[in-house]
Amino acid sequence: MRKSKTMFVIPMVLCCVSCGSDTKSKTEPNLEHTPPATTMVSVKPGFDPYEMMVVEHPIPSFDLWLSVFHAHDADRKASGLTLLRIGRGIGDTNTVLIRMKADDITKAKEFSK
């Protein structure tokens with residue numbers, strides 16, 4: 001019987017000692033001696049706002065219109081317009097939606113007249 005008590009007591013003592021129940025070993029971090037984090041990171045914005053010209057109008061034939069539209073690329077670029085997207089209507093494929101970035105809004109308005 002004495003051997004079985006010893007077999008029970010020894011694992012209990014080992015468990016209590018190994019679990020770190022000693023409060024002296026636990027210390028709070030000393031924040032006074034911690035060096036501050038001074039890493040400087042350059043943050044580049046993900047988007048630069050710009051002015052946009054949006055045109056929506058009906059056309060008789062998309063293929064005919066597209067060839068005429070591309071023929072005026074030099075005029076658009078001279079007016080500070082950069083083509084972003086050309087879209088067509090789902091219900092009416094003869095409706096065109098054009099998005100262009102405008103570098104100079106005054107020139108873009110003159111071009112649209």
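**View 1. How much of the protein is buried, and how the chain is laid out.** Buried residues account for 13% of the 113 residues in the protein. Keep in mind that this is a predicted model. Four helices and three strands make up the secondary structure, and reading along the sequence you get α-β-α-α-β-β-α. Among contacts with a separation of 6 or more, 60% are between residues 24 or more positions apart.

**View 2. The open sheet, with its strands in the order β1-β3-β2.** Three strands are involved here, and the pairing is antiparallel. The edges are taken by β1 (51-58) and β2 (81-88). Each of these has a single partner strand, so one side of each is left without a neighbour in the sheet. On average, and ignoring direction, neighbouring strands are turned by 20° against each other. As a reminder, strands of a sheet pair through backbone hydrogen bonds, either parallel or antiparallel.

**View 3. Zooming in on β1 and β3.** Strand β3 covers residues 95-102 and is joined to β1 by eight bridges, the two running antiparallel. Two spots are handy for finding your way along this pairing. Met52 sits opposite Lys101 in β3, while Met53 sits opposite Met100 in β3. Both Met53 and Met100 turn up again in the lining of the largest pocket.

**View 4. The β2 and β3 hairpin.** How many residues lie between β2 and β3 in their hairpin? There are six residues between the two strands. β2 and β3 pair in the antiparallel sense, with seven bridges between them. Leu81 stands opposite Ala102 in β3, and Arg88 has Val96 in β3 as its bridge partner.

**View 5. Two helices packed on the sheet.** Helix α2 (residues 62-71) packs on the sheet and touches β1, β2 and β3. The direction of α2 makes about 175° with that of β2. Helix α4 (residues 105-112) packs on the sheet too, again touching β1, β2 and β3. For α4 the angle is given against β1, and its direction makes about 15° with that strand.

**View 6. The largest pocket.** Its volume comes out at about 220 Å³. The lining is made of Met53, Val55, His57, Trp65, Phe69, His72, Arg76, Ile98, Met100, Phe111 and Ser112. Which elements give two or more residues to this lining? They are β1, α2, β3 and α4. The largest share, three residues, comes from β1. If you're thinking about chemistry, the lining residues divide into seven nonpolar, three polar and one charged.

**View 7. Arg76, one of the residues lining the largest pocket.** Arg76 belongs to helix α3 (residues 73-78). Is Arg76 buried or exposed? Relative accessibility is 4% for Arg76, under the 20% cut-off, so this residue counts as buried. Leaving out residues up to four places away in sequence, Arg76 touches Phe69, His70, Leu81, Met100 and Phe111. Of these, Phe69, Met100 and Phe111 are also among the residues that line the largest pocket.

**View 8. Ser79, in the loop between α3 and β2.** Ser79 has a relative accessible area of 12% and is buried. Not counting residues up to four places away in sequence, Ser79 touches Asp104, Lys107, Ala108 and Phe111. Phe111 appears in the contacts of Arg76 as well.

**View 9. Asp104, in the loop between β3 and α4.** With a relative accessibility of 29%, Asp104 counts as partly exposed, whereas Ser79 is buried. Which residues is Asp104 in contact with, leaving aside its neighbours within four places in sequence? Those are Ser79 and Gly80. Asp104 and Leu81 are 23 residues apart along the chain, and their C-alpha atoms are separated by 7.9 Å. Leu81 is the residue of β2 that stands opposite Ala102 in β3, and Leu81 is also touched by Arg76.

Conventions
Residues numbered from 1 in each chain as written. Predicted model: local features only at pLDDT ≥ 70, side-chain atom pairs only at ≥ 80, totals over all residues. Heavy atoms only, no water. Buried < 20%, exposed > 50% of the residue type's maximum accessible area, 1.4 Å probe, protein only. Contact = heavy atoms within 4.5 Å. Pairing = 2+ DSSP bridges. Axes fitted to C-alpha atoms, helices over the stretch in contact; angles between N-to-C directions. 1 Å grid on protein atoms, 1.4 Å probe; cavity = no way out; pocket = protein on both sides within 12 Å on 5 of 7 lines; lining within 4 Å. Points joined across faces, edges and corners; volume = space filled by probe spheres on them. Nonpolar A, V, L, I, M, F, W, Y, C, P; charged D, E, K, R; others polar.
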